[in-house]
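Here are a few friendly notes to read with the model open beside you. Take the points in order and find each residue as you go.

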Amino acid sequence: MSKFYSRNYWLVGFQSRLYDRLSPESYFESMRRVVAALPDGKSLNLLDVGCGSGLLLRFLKARIREGMVYTGLDILGAGVEQALLRAQELGIADRVSCLQSDLTSSFPLEGQKFDVVVGHFSLYTLGSHENRQKALKNLKAVMKPEGLLILENPSADYDADSIIKESIRLVRARDGFLDSLIKRCLIYPFTKAIGLRFIQKQLRSGEWKSYTREEFSLEMKRADFEVQHIEEVYAGSAFLVIGKLKCAP
Ligand SMILES: C[S@@+](CC[C@H](N)C(=O)[O-])C[C@H]1O[C@@H](n2cnc3c(N)ncnc32)[C@H](O)[C@@H]1O
């Protein structure tokens, strides 16, 4: 039942754009952290795995206009379609391509290699350790030897209330009291009820994976990545990890 709900949760969320509308500010902030962690360079080739509706494109827009080339990959056709539509709306479609593929199968990327691979809240939905290792192996296969892997996944302390609280604080600081009041009273109750509570339940039941700092590092090391940086993000509800290949795949 929860597998059925989770698949359709993303699908309906992407098609209706409820995913965009209900995502909390703290989630956007964690995407800004990913963008801030990207290496310099105008012509980076970036792969966004489990790209969903391409929400990250909002925050990559300036880098893509400067020359970055973006490829999104997701198992859901609805996500890929929305990501391409978003690229058109943002006026960056000429540097954006997307494909439908499974993280646990080798990617149909015809020998392409990437400077950066990002997985923003995607690998944790692969419930088993074996599937996450398969996915990491597939990521390794498409990275340049000196490439960077940037992953974000929920922490063992994932807490819907903390995420909402931080989001209200961020909106207030960014957009003022009225906007924060509107989000607090009209938007975030749905964010919590429809989205965050479900994710929390999936994490607590072990259906999806949440990590301690040590577990996340160990999973990366087991897949032959050298962990360069790890930080708490998303109101303490997630970790951002930056890794490099130990040796060329
Ligand atoms: C929480 S959403 C994150 C989407 C996007 N990265 C973001 O942060 O907005 C998780 C995404 O992972 C995708 N996903 C789950 N399992 C996958 C798999 N086996 N292969 C590829 N994508 C997968 C889902 O379809 C969904 O789009």
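**Notes on a helix pair and a ligand site**

1. In this predicted model, the axes of α3 and helix α7 (residues 160-175) come within 7 Å and cross at roughly 75°. Axes are lines fitted to C-alpha atoms, for helices over the stretch in contact, with angles from 0 to 180 degrees between N-to-C directions. Helices are DSSP runs (H or I, at least four residues), numbered from the N terminus.

2. The crossing makes α3 roughly perpendicular to α7, a label for angles of 65 to 115 degrees.

3. Which residues meet? From α3 they are E25, S26, E29 and R32, and from α7 they are I163, E166, S167, L170, V171 and R174; contact means heavy atoms within 4.5 Å.

4. Now turn to the ligand: 21 residues surround it, and Y19, Y27, G50, D74 and H120 come nearest (near means a heavy atom within 4 Å).

5. Polar side-chain atoms of Y27 and D74 each lie by a ligand oxygen atom, Y27 at 2.5 Å and D74 at 2.7 Å. For D102, the partner is a ligand nitrogen atom, 2.9 Å from a polar side-chain atom.

6. The elements giving two or more residues to the shell around the ligand are α1 (2-16) and α3 (25-36).

7. Residues are numbered from 1 along each chain as its sequence is written. Local features need pLDDT of at least 70 and side-chain atom pairs 80 or more, while totals for chains, interfaces and linings use all residues; side-chain values use heavy atoms, leaving out hydrogens and water.

Definitions and conventions: A polar contact is a pair of N or O atoms within 3.5 Å; within protein, one must be able to donate a hydrogen and the other to accept it, and residues adjacent in sequence count only if both atoms are side-chain atoms. Angles under 35 degrees count as roughly parallel, over 145 as roughly antiparallel, 65 to 115 as roughly perpendicular and the rest as oblique.
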